[in-house]
Amino acid sequence: MATLVTATGVQSHEVVSPAQWTAKRKELLGEEKEFTRLRDELSRKRRELPWEKVEKKYVFDGPNGKEALADLFAGKSQLIVYHFMFGPGWEEGCRSCSYLADHFDGSLIHLANRDVTLAVISRAPFSQIEAFKKRMGWRFKWASSFSNDFNRDYGVSFTKDELAKGKVPYNYSVVEFGAEEAPGASVFYKNPGGDVFHTYSTYGRGLDILVGAYNFLDLAPKGRDEDGLAFSMAWVRHHDRYAENYAVDAKAQYVAPKGAGSSCCEEHHS
């Protein structure tokens, strides 16, 4: 006979026999396999999208000095850029982008051996980037687009006029957004002749798949446990800011990094 149990933070659940549990698990497995097939099909369609040639000459400030977009490929034919929310004058980078970035370093060697380079780009000046990167202990390539229109052209930076109107062009739509910078990822290909092509960009919840910790949480009984929070990522901290007795204030609204000048909507990350 099934019984009900209740645990803190978890909805009531039936407790059943091993045979009943296995039957239910197999039922869900069928749905999981269908989801995997659909995801594979979606990935195939993503790869079949048409490309656009990058005609503008972007020059970034990086650890090797001035670098063109083509230089960021670092000998590979494929480049994935993460658009990290870190604007000029900000005291620190966005918490949620930092949450994503904590997953990057371990991927670098594996991506490199599949002909892919991962680079991070922000509009903050390079000196700001280097100081924050050192604090966080990251190793990935991070360049500054402070002196070019890269962030603007790829839909992750907004003008004061756009912000004043309350809505900005983001994620292929016009939405409310309270910050001058937004998160995203863009993908590029370089052919043997050196021509660079833009193949894909994604924003908002399209970045969700990059967050390995979220995928772990999705396996756990409490899931992401964000439903009661003022915004979905309210619990996230820079990894050096989790105190021993860390607790989340469910009513706390987002506070922008010092120097950001406006409220940042971190719920647009996921």
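**Exercise 1.** Find which residue forms a salt bridge with Arg 123, and work out what the pair ties together.

*Solution.* Start with the criterion: a salt bridge here is a side-chain nitrogen of Lys or Arg within 4 Å of a carboxyl oxygen of Asp or Glu. Arg 123 meets that with Glu 181, as their closest N and O atoms sit 2.6 Å apart. Next, place both ends: Arg 123 is in the loop between strand 7 (116-122) and helix 4 (126-136), and Glu 181 is in the loop between strand 10 (173-176) and strand 11 (184-190), so the pair ties together parts 58 residues apart in sequence. (Helices, H or I with at least four residues, and strands, E with at least two, are DSSP runs numbered from the N terminus.) Last, check accessibility, where buried means under 20% relative accessible area, exposed over 50%, and partly exposed in between (1.4 Å probe, protein chains only). Arg 123 is partly exposed at 21%, while Glu 181 is buried at 1%.

A word on the input: this is a predicted model, where local features need pLDDT of at least 70, side-chain atom pairs count only at pLDDT 80 or more, and totals for chains, interfaces and linings use all residues. Residues are numbered from 1 along each chain as its sequence is written, and side-chain values use heavy atoms, leaving out hydrogens and water.

**Exercise 2.** Do the same for Asp 153 and Lys 56.

*Solution.* Their side chains form a salt bridge at 2.8 Å, N to O. Asp 153 belongs to helix 5 (residues 150-153) and Lys 56 to the loop between strand 3 (52-53) and strand 4 (59-62), so this pair ties together parts 97 residues apart in sequence. Asp 153 is partly exposed at 35%, and Lys 56 is partly exposed at 41%.
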